Amino acid sequence: MSGKITGYSMVKEENARQRKPKPTVDPEEILFLPTEEVLARLGTSQSGLTSEEAKKRLEIYGYNEFAKKRRTALVAFLSQFKSPLVIILLVAGVISAFLGELVNAIIISVIVLLSTFLLFYQESRAEKAAEMLRRRVTTTATVLRDGEKKEMDLREIVPGDIIHLSAGDIVPADARIISAKDLFVNQSALTGESLPVEKTSDPLATREASITEWNNYLFLGTSVVSGTATAVVVNTGNLTEYGKIAKRLVERAPETEFERGLRRFGFLMVEVTFLLVIFVFLINALYKRDVLESLLFSVALAVGLTPELLPMIITLTLSKGAIAMSKKGVIVKRLSSIQNLGSMDVLCTDKTGTLTENRIKLVLHVNPEGREDDRVLLFSFLNSLYQTGLKSPLDEAILKHEEIDVKGYQKIDEIPFDFERKRVSVVVERDGQRILISKGAPEQILATCSHCELSEGTVELSRELRDRVQQKYYDLSSEGFRVLGISYKMVGEKRVYSINDESGGMVFLGFVAFVDPPKETAREAIQLLRKNGVDLKIITGDNEIVTRKVCEYLNFEISGIVLGNEIEQMQDDALIRVVERANVFARVTPAQKDRIILALKKNGHVVGFLGDGINDAPPLKTSDVGISVENAVDVAKESADIILLQTDLKVLNDGVIEGRKAFGNAMKYIMMGTSSNFGNMFSAAGASLFLPFLPMLPTQILLNNLLYDLSEFALPTDNVDPEYIEKPKKMNVSFIRKFMLIMGPVSSVFDFLTFFLMILVFSAIEPIFQTAWFIESLFTQTLVVFVIRTRMSPFKSRPSKTLFLSSAGILAVTLLVPLTPLGKLFGFVEPPLLFYPFLVCIVVAYLALAEIVKRWFYRKYYSLLEQVSAPVEATPYMSRATILIQDMVAVIALRPESEVTIDSLVDDLKSGVSYPIEPELIVQGLNHLRRAGVVRVDWRKRLVTRQEAMKDYVTKYVVGGPMWPKISQNWNRMGRLILSKYKGINPDLQGVLDLGS
């Protein structure tokens with residue numbers, strides 16, 4: 001059995017035997033050479049390598065495999081401790097232990113270890129689940145060694161080996177084709193092309209061909225659909241196109257938006273904690289108390305200020321989201337990806353296999369007039385059924401379209417497919433009559449036809465009728481269909497039929513047209529994502545015509561199409577502007593996909609990428625959240641953060657909502673914790689400067705912080721307002737800092753009010769003062785949670801039952817602790833009864849003021865949480881195809897006569913533009929203008945006639961449109977050319993030009 005590979009799942013087994021690969025021959029150097037020269041350049045022959053030579057090359061080039069980066073469990077666990085917040089907590093715990101605060105040190109250590117372990121466990125479990133998804137297949141290939149065919153271990157294939165491939169094989173290395181018969185290869189996993197690609201051994205004709213046009217070259221990991229081939233191995237392992245992509249995956253992944261936000265928040269906490277603690281320590285040590293007591297108080301403030309539960313809260317909220325998504329058939333490999341999914345405002349997706357089924361489907365069987373015709377379907381069915389060559393996906397699509405009764409037909413003979421004729425024919429007999437049926441490339445089928453079957457009967461295929469048939473072919477092709485022609489003729493009885501029987505006298509019957517159909521759920525998923533503030537951009541290796549057709553099926557409005565060869569010419573600063581305007585990128589390479597993702601991220605977007613092919617691996621890793629599917633290639637699943645076990649793309653929208661809920665609940669803790677803690681610690685620091693005693697003992701501060709944190713454990717279960725999850729959010733440190741500095745002092749105002757009441761009204765001594773403030777601070781910061789957790793009124797936004805009950809429980813404990821023996825251990829005493837009415841008034845007044853300040857703050861600063869992209873240029877980017885169409889409009893609209901020949905149109909364009917003119921794009925452009933109603937095209941006479949609608953189109957949409965600043969110079973140049981060449985110009989449009997220079 002020939003090459004069956006697992007691709008990226010191959011790993012090094014013997015590091016000592018693995019040598020660094022040395023480059024052999026650049027593939028681009030041998031694409032244009034004849035076979036004998038290729039073999040000479042690679043130092044091999046048609047007989048293959050000898051075993052001795054293969055062994056030498058194995059030593060030089062190394063094994064045909066990729067080294068996969070694997071982290072040990074210990075390294076993966078320790079990597080969870082790199083967060084600045086975790087480092088702050090660990091330092092605080094060490095200082096607490098050093099100063100004898102063992103209880104506090106243990107609490108901090110348990111929280112840190114538990115949160116990091118949960119994160120490590122969840123990600124390890126998801127990684128194991130993803131590993132089980134990888135397909136297990138054999139790793140052998142048919143290789144010519146010592147002049148004999150042998151089944152060789154895939155790892156032992158070396159450059160220069162001659163390999164043999166047939167239908168069903170997976171290509172085991174990058175190779176140049178020596179010979180091929182009826183060879184079609186599915187390389188959608190690498191290039192994104194949904195249809196199988198025809199491969200031959202012929203040298204390429206041009207050196208400007210892109211990698212998708214290397215039709216004499218095979219890529220590792222692609223599969224043979226039909227036919228056979230012999231090829232010589234050019235590159236193996238990391239030097240293959242697949243290997244170059246896999247090599248990217250062992251590099252450090254770019255920092256995601258969520259990781260960047262947490263890092264910045266951690267540094268904010270370091271800064272605030274350091275400044276406040278140093279200030280309090282110096283003041284107390286220099287003017288008030290001894291150094292040890294001041295240091296203990298400062299450490300307690302540091303612990304109180306630090307949101308030590310943040311790692312735990314984030315882990316719990318993300319784990320809750322991961323559990324919810326797992327119930328819908330989604331594996332979350334990295335927990336932080338849920339947060340990134342919620343913050344995502346741009347989703348980039350490959351078309352093939354993600355928006356489409358990656359399954360060819362027959363959609364039209366029409367006669368030359370474009371009407372549905374059952375005879376076209378019948379004859380194409382007979383051809384596909386009875387041809388004995390390996391069935392292509394197009395044949396399978398015909399046979400699966402519907403069941404047809406062919407019992408009356410008997411196969412007599414067939415004329416196999418070949419690349420020169422580009423058609424296959426079968427001879428069938430029914431009721432004593434024999435019919436030769438041909439199916440193949442329309443231009444080749446038409447070349448053999450002398451008649452055409454129309455609704456009224458069979459007629460001679462005149463020049464005019466032939467042009468109409470060709471126009472129908474152009475129309476179908478321009479709509480994104482893959483088209484085959486069907487013809488037939490009655491033949492006499494003979495023993496063997498040959499190519500000569502096809503030559504002349506055939507009757508053209510019609511066309512069969514195919515598409516790679518969009519997924520049923522894709523349209524609804526796109527609408528849901530758009531509704532939730534996520535823009536979709538399609539990035540595919542397929543051609544722009546097919547991509548445009550898929551977009552039409554999905555009701556996806558195209559704002560601009562950019563091709564890979566155009567991106568190749570762009571500098572990064574130009575691409576950064578282009579990616580904002582355009583939303584379809586076609587014929588792109590893996591490297592170009594990566595550039596697009598990076599450009600979007602530089603513009604401030606949080607970018608998700610959905611892909612399933614080899615060529616999707618780099619952008620899956622570069623994006624903030626990489627998404628793949630169960631049947632994706634191994635390298636794509638390895639790169640992804642999230643794997644969909646179902647092909648229902650609506651699950652993505654559910655994931656976005658879960659991510660936003662997780663982000664919302666995490667932000668609640670950050671905002672409440674930082675503002676409340678900052679306010680309390682600010683109050684404690686201020687009071688310590690004028691009171692003759694500490695406003696709260698270090699142990700009381702730690703108990704206060706512990707009880708408050710316990711009430712916050714329920715936050716991951718809290719409800720999130722529907723308005724909050726309508727749009728993507730991101731963690732903005734400036735927003736958090738402003739909230740902390742504004743809301744914190746609001747609580748301090750009421751803390752100081754409590755201090756004055758206790759001193760002036762109650763003449764409180766140290767224990768009573770500390771007890772009263774302990775109760776007041778816990779009540780205010782616990783109840784203010786219900787104000788801060790929502791933008792709405794706290795009476796309109798319902799908290800979860802768990803959060804409500806946990807908060808009520810902590811308030812009850814707060815009131816009871818001073819009355820119990822435990823209270824005495826912490827230095828509490830029973831407060832006077834009159835204190836409680838004052839407490840109610842203070843709490844109510846604080847909550848009312850907090851609500852007023854919150855509403856003002858959100859009105860002024862809420863936009864900081866929203867995703868804001870970089871500003872872009874006012875005029876949109878124009879692709880090469882768009883520029884050509886506009887230049888065609890200029891020629892047709894400005895010519896003095898209303899009717900021009902296609903040949904003169906092309907001549908004018910060649911004289912007036914600096915880029916090459918492709919005939920295919922001319923045909924597509926004329927069809928586009930014809931469908932828009934601004935021209936009429938007579939393909940038989942090769943004439944283009946300007947319609948009345950052209951004037952309105954030019955004055956309203958061209959001159960008055962956003963593209964005019966970019967194209968006005970082209971129009972002026974074209975106007976001067978036409979004026980000089982034809983001694984006149986269309987008077988209706990002369991006023992729009994500036995022909996003075």
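## Asn-986 and an eight-stranded sheet

The side chain of Asn-986 has a polar atom sitting 2.8 Å from the backbone oxygen of Ala-893. Keep in mind that this is a predicted model. Below, we look at the surroundings of Asn-986, then move over to a sheet.

**Around Asn-986**

- To find Asn-986 along the chain, look in the segment that follows helix H37, which covers residues 964–982.
- Is Asn-986 buried or exposed? With a relative accessible area of 6%, Asn-986 counts as buried, because the cut-off for buried is under 20%.
- Which residues does Asn-986 touch, if we skip those up to four places away in sequence? They are Ala-893, Leu-894, Arg-895, Pro-896 and Arg-946.
- So Ala-893 turns up twice: its backbone oxygen lies 2.8 Å from that side-chain polar atom, and Ala-893 is also on the list of residues that Asn-986 touches.

**The sheet**

- Eight strands make up an open sheet, and going across you meet them in the order E8-E23-E22-E21-E9-E18-E20-E19, with mixed pairing.
- At the edges are strand E8 (330–332) and strand E19 (561–563), each of which pairs on one side only.
- From one strand to the next, the twist averages 20°.

**Zooming in on E21 and E22**

- Strand E21 (residues 607–610) runs parallel to its partner, strand E22 (residues 625–629), and three bridges link the pair.
- Phe-609 has Gly-626 in E22 as its bridge partner.

**A helix across the strands**

- Helix H12 (residues 336–343) lies across E8, E22 and strand E23 (642–644).
- Compared with the direction of E22, helix H12 runs at about 100°.

Technical notes: Residues numbered from 1 in each chain as written. Predicted model: local features only at pLDDT ≥ 70, side-chain atom pairs only at ≥ 80, totals over all residues. Heavy atoms only, no water. Helix = DSSP H or I, 4+ residues; strand = E, 2+ residues; numbered from the N terminus. Buried < 20%, exposed > 50% of the residue type's maximum accessible area, 1.4 Å probe, protein only. Polar contact = N/O pair within 3.5 Å; in protein donor to acceptor, adjacent residues only side chain to side chain. Contact = heavy atoms within 4.5 Å. Pairing = 2+ DSSP bridges. Axes fitted to C-alpha atoms, helices over the stretch in contact; angles between N-to-C directions.
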